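Tutor: Today we test labels. For each one, ask what earns it.

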Amino acid sequence: MQTSPGVRRPIHGCRSESVGVVRSHGAYRLIAVRQIAAGDPLFRIEGEQTQSPSRYSVQIGENLHIDLTGHHSNEEILDRYYWRFMNHSCEPNTHIRGQEVIASHDIKPWADITFNYNTTEFDIAEPFDCHCGCPGCIGTIRGFKYLTADECERLLPLLPPHLSRLLNPCAQTQP
Ligand SMILES: [Zn+2]
């Protein structure tokens, strides 16, 4: 088992070679365990497809979400469903295409793996206050539905089709 520098916390290995999970202040966080280049796929979000969002689910299409249903052991979640420990950031280092998590820019080892929940979720089941500390932090995270036109515009390069087509109604006729 590796330990992260400085904090010396044990890192739980995951099935992905790119990431691991650390526990701090009672919460798990997903971190990079190697240098990752912009555009690299990190891992695939595994789980069951569902039409009902939950606190942990990730939206991958219109009325389509990936979630964990049923019982999974802690070890199984750390090994296989570690995507649950990706935190939100208003200036994230990944984005999601389908079920693939892609590096948005170069990521250094030990950096938290984050994505902007407003770039996947249309209407977040349990809104929360963001404390990411980024200059562009928008505060309460409620989902894409609640963003201003300017906020949508800024997120455009990160948006998956199920959200980007809402900004461009002409694209709705495309598959
Ligand atoms: Zn924020």
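Student: Where is the place of His-25?

Tutor: His-25 is in the loop between β2 and β3. Strands such as these are DSSP runs of E, at least two residues long, while helices are runs of H or I, at least four long; both are numbered from the N terminus. This is a predicted model: local features need pLDDT of at least 70, side-chain atom pairs count only at pLDDT 80 or more, and totals for chains, interfaces and linings use all residues. Residues are numbered from 1 along each chain as its sequence is written.

Student: Why does His-25 count as exposed?

Tutor: Count C-beta atoms, placed from the backbone: 20 or more others within 10 Å means buried, 12 or fewer means exposed, and in between means partly exposed. His-25 has 5 such neighbours inside 10 Å, so it counts as exposed.

Student: What makes the phi of His-25 worth a remark?

Tutor: Its phi is positive, about 50°, although His-25 is not a glycine. Most residues other than glycine have a negative phi. His-25 takes this value in the hairpin of β2 and β3, which has two residues between the strands.

Student: Which residue in the loop between β10 and β11 can I compare with it?

Tutor: Trp-110 is found there. Trp-110 also has a positive phi, near 80°, and is a residue other than glycine.

Student: Why does Trp-110 count as partly exposed?

Tutor: Trp-110 has 16 C-beta neighbours inside 10 Å. That value lies between the two cut-offs, so the label is partly exposed.

Student: What makes Gly-136 exposed?

Tutor: Gly-136 has 9 other C-beta atoms within 10 Å, so the exposed label holds. Gly-136 sits in the loop between β12 (128–129) and β13 (140–141).

Student: What does Gly-136 touch?

Tutor: Leave out residues up to four places away in sequence, and Gly-136 touches Cys-90 and Glu-91. Contact means that two C-beta atoms, placed from the backbone, lie within 7 Å. Between the C-alpha atoms of Gly-136 and Tyr-82 the separation is 27 Å.

Student: How do you know that β2 and β3 pair?

Tutor: Pairing takes at least two bridges found by DSSP. β2 and β3 have six, in the antiparallel sense, so they pair. One of the bridges joins Val-22 to Arg-29 in β3.

Student: How many bridges do β1 and β2 have?

Tutor: Two, again antiparallel, so the definition is met. His-12 has Val-21 in β2 as its bridge partner. The open sheet runs in the order β1-β2-β3. β1 (12–13) and β3 are its edge strands, each pairing on one side only.

Student: Why are β5 and β6 called edges in the other sheet?

Tutor: That open sheet has the order β5-β7-β6, with antiparallel pairing. β5 and β6 each have a single partner strand, so one side of each is left without a neighbour in the sheet. The twist averages 40° from one strand to the next, taken between N-to-C directions of lines fitted to C-alpha atoms, on a scale from 0 to 180 degrees.

Student: How do you know that β7 has both partners?

Tutor: Three bridges join β5 (48–50) to β7 (64–67), and three join β6 (58–61) to β7. His-65 in β7 stands opposite Thr-50 and opposite Gln-59.

Student: What makes a nonpolar core, and how many residues has the largest one?

Tutor: A core is a set of buried Ala, Val, Leu, Ile, Met, Phe, Trp, Tyr and Cys residues joined through C-beta atoms within 7 Å. The largest has 26 residues, and Val-19, Val-21, Leu-30 and Tyr-82 have the most contacts inside it. β2 (19–24), β3 (27–32) and β4 (41–44) each give two or more residues. β2 gives the largest share, three residues. Beyond four places in sequence, the contacts of Val-21 include Ile-11, Leu-30, Leu-78, Tyr-82 and Phe-85.

Student: Where does pLDDT stay under 50?

Tutor: It does so over residues 171–175, where the model has two contacts beyond four places in sequence. pLDDT is the predictor's confidence in each residue, from 0 to 100. Low values mean that predicted coordinates should not be read in detail. For the chain, the mean pLDDT is 90, and 91% of residues reach 70 or more.
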